[in-house]
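Here is a quick tour of one protein chain for someone used to working at the bench. Have a look at the model first, then read on.

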Amino acid sequence: MTGALFEITFWLAAPFWLLMIFAPTWRPTARLAASPWTISGVLVIYAVMAVPVFPELWTAVSSPDIDAFRELTVRANGAGALWAQVIAWDLLIGQWMFLEARRLGIRPLVMGPLLALTILLSPFALPVFLVLRAVKARAATTATDRAVHPLSY
């Protein structure tokens, strides 16, 4: 059963990723991306997998130690719980990136590959997005300043 839950975890998040990447301008996509409920199924699986290994999980997170994490991940439920946590976290990061990109007017053709990278390696994708966001925000501020104070440039 643990293996099935491990597989289901990804498939619960996949539809939201597909919408953000392949249907970014569809109105329901933005509504779904703005909802924290998109991760609820993944969090249920997390709880189901985390409860049986809670003592090991608590040890691993309350007194971080590589050996404690090793012990946790050797257990199928421990690895599955950590996987569900990663899937939920990545989806939340992806949703935030998606919404920020829409707010700043970053093109879907730029965000699609970046969101795909976020699914796979969010610790690499997030800094790339943060730089892109800063550049885009700075360009928007400069354009606004020029519109408000045209003679100062």
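What follows covers the ground rules, the salt bridges and one leucine.

## Ground rules

This is a predicted model, so keep its cut-offs in mind: local features need pLDDT of at least 70, side-chain atom pairs count only at pLDDT 80 or more, and totals for chains, interfaces and linings use all residues. Residues are numbered from 1 along each chain as its sequence is written, and side-chain values use heavy atoms, with hydrogens and water left out.

## Salt bridges

How many salt bridges are there? The count comes to four, taking a salt bridge as a side-chain nitrogen of Lys or Arg within 4 Å of a carboxyl oxygen of Asp or Glu.

One of them pairs Glu56 with Arg75, with 3.2 Å between the closest N and O atoms. This pair links distant parts of the chain, 19 residues apart: Glu56 sits in helix 4 (residues 54–62), while Arg75 is in the loop between helix 5 (66–74) and helix 6 (76–104). Helices here are DSSP runs (H or I, at least four residues), numbered from the N terminus. Arg75 has a relative accessible area of 40%, so it is partly exposed; the scale runs from buried (under 20%) through partly exposed to exposed (over 50%), using a 1.4 Å probe and protein chains only.

## The Glu100 network

Now for Glu100. Its side chain meets that of Arg103 in a salt bridge, at 2.9 Å from N to O. Both residues lie in helix 6, three residues apart, which is about one turn of the helix. Their surroundings contrast: Glu100 is buried, at 10% relative accessible area, whereas Arg103 is exposed, at 56%.

Glu100 also forms a salt bridge with Arg133, where the closest N and O atoms are 2.6 Å apart. Because Glu100 is in helix 6 and Arg133 in helix 7, this pair ties together parts that are 33 residues apart in sequence. Arg133 counts as partly exposed, at 29% relative accessibility. Through shared partners, the salt bridges join Glu100, Arg103 and Arg133 into one network.

## Leu114

Is Leu114 buried or exposed? Its relative accessibility is just 8%, so Leu114 counts as buried. This leucine lies in helix 7 (residues 108–148).

Which residues does Leu114 touch, leaving aside those up to four places away in sequence? They are Met97, Ala125, Val128, Phe129 and Leu132, with contact meaning heavy atoms within 4.5 Å. As for Thr2, it is 112 residues from Leu114 in sequence and 31 Å away in space, C-alpha to C-alpha.

Methods:
Helices (H or I, at least four residues) and strands (E, at least two) are DSSP runs, numbered from the N terminus.
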